Amino acid sequence: MSVQYQITGSAASEIATSVESGVRSGHLAPGRTLPPVRKLAADLGVAPGTVASAYRRLRERGVVETGGRAGTFVRQRSAFTPTGTLTVPSGVRDLVSGEPDPSLLPDLDALKPRVEVTHGNYRDGGPCPDLLDLARDRFAADGVHGELTVTSGALDAFERGLAARLEPGDTIAVEEPTWSNGRDLLLSAGYQVTPVAIDGEGPLASELEAALAAGARAFILTSRGQNPTGAAVSAERAAELREVIARHPDVFVIEDDHWAELSQIPLHFVADAAERWMFVRSTSKPYGPGLRCALVAADPDTKARVQGRMAMGHGWVSCILQHFVIAAWTDEEVEARVRLAGRVYAERQGALREALADRGIDVWGRSGLNLWIPVADETAAVVSLRDSGFAVAPGRAYSFHGHQGIRVSTSRLDPQLAPEVADAVARASGPAAPPI
């Protein structure tokens, strides 16, 4: 740790605040290891339990994480850390970003002549009726029914839905391993989080039962293309999860279906097993991150609360963005482009999955942009793969328990390179058991 910054405080809250100040100022940089509990306790003249409590608060707020023998260190991303720009070294292939392949995205510029652009007014803004009609038909084709509204992307929907239903300090059950951006949002908003282990077919019903029985008031799951694993909820698992949820009528369920238009796997809907629920389908993956818009289905009360809070805030999602979605959804060339992209992504992910299986490395992923590979030592694996010419993400950013793993993004992977990548993974580290 930098000698220019000393952690101070005599109470757990003061120590935690001191660390947060160091992170915010940049003196405690991402990845920097904090002193062991007993050493910091001796330096500050406090009980080890006081420091342990401070570190626990920092973990719960998403400022630090624990990596087993690696100790406690500052997270790469937190509410106090600027996002920065991902840089892949020259000559190294990008298997880390996890974003859509720009070459597979439709040309939104070509849609401009079809996009309605009007000035409108503050009084009459809101979800565009034509967009809701289109969304209603699309949702119904997947068996999703409910009251509809529009938000500025999936995270915006999560934040508004949870604010309408929960209070800071409430516990939310989330997948393990999980999408780090979503978890960071929950922690920075003051919620507690509890993990629900998953496998290739989605969250384990027994784990969800335990989390809800222990007091979790909400549950967030991913339908398809789960990040970081590529898991997708199967029909059998959906039925099991629905049974668990039905036994806990007070739980609020949010289901994220960001991979919908690109998926080669059918949706097995879970959320409406709850009395209070939200189903979120963003447009960013199939049509591009710049189209920051999500369609939301929910029970009537939740929809009214979410839309009401929006009316008191910034009002509504840009009508121009909404009309871009309408244009994209009603353009045959764009829709053909999206269907092609879905097939290409599946081919790329499948090529690496099969190449790994040929080398005795089994992974869960069957949809989405990523594969999660448990390894014995993720730091060594990341370095080894980089030296082999492939940049991958360390798993600690996605795991509550510090499970060792790497996330390999297949969004831009040439299928012909899959055997080479699999060989590099096999050399990097022997796989550990899946984290369930």
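**Exercise 1. Find how many helices and strands the protein has, then judge its compactness.**

Solution. Start with the count: the secondary structure comprises 14 helices and 15 strands, where helices (H or I, at least four residues) and strands (E, at least two) are DSSP runs, numbered from the N terminus. Next, take the radius of gyration: 22 Å, close to the 22 Å that the globule rule gives for 436 residues, so the protein is as compact as a globular protein of that length. That radius is taken over C-alpha atoms, and the rule is 2.2 Å times the number of residues to the power 0.38.

A word on the model: it is predicted, with local features needing pLDDT of at least 70 and side-chain atom pairs pLDDT 80 or more, while totals for chains, interfaces and linings use all residues. Residues are numbered from 1 along each chain as its sequence is written, and side-chain values use heavy atoms, leaving out hydrogens and water.

**Exercise 2. Work out what share of the residues is buried and what share of the contacts is long in sequence.**

Solution. First, 53% of the 436 residues count as buried (under 20% relative accessible area, 1.4 Å probe, protein chains only). Then turn to contacts (heavy atoms within 4.5 Å): among those with a separation of 6 or more, 73% are between residues 24 or more positions apart.

**Exercise 3. Locate the prolines that follow the cis peptide bonds at Glu176 and Asn227.**

Solution. Glu176 is joined to Pro177 with omega about -5°; Pro177 sits in the loop between strand E5 (171–176) and helix H6 (180–188). The bond from Asn227 to Pro228 has omega near 25°, and Pro228 is in the loop between strand E8 (218–222) and helix H8 (235–246). For context, most peptide bonds are trans.

Conventions:
Buried < 20%, exposed > 50% of the residue type's maximum accessible area, 1.4 Å probe, protein only.
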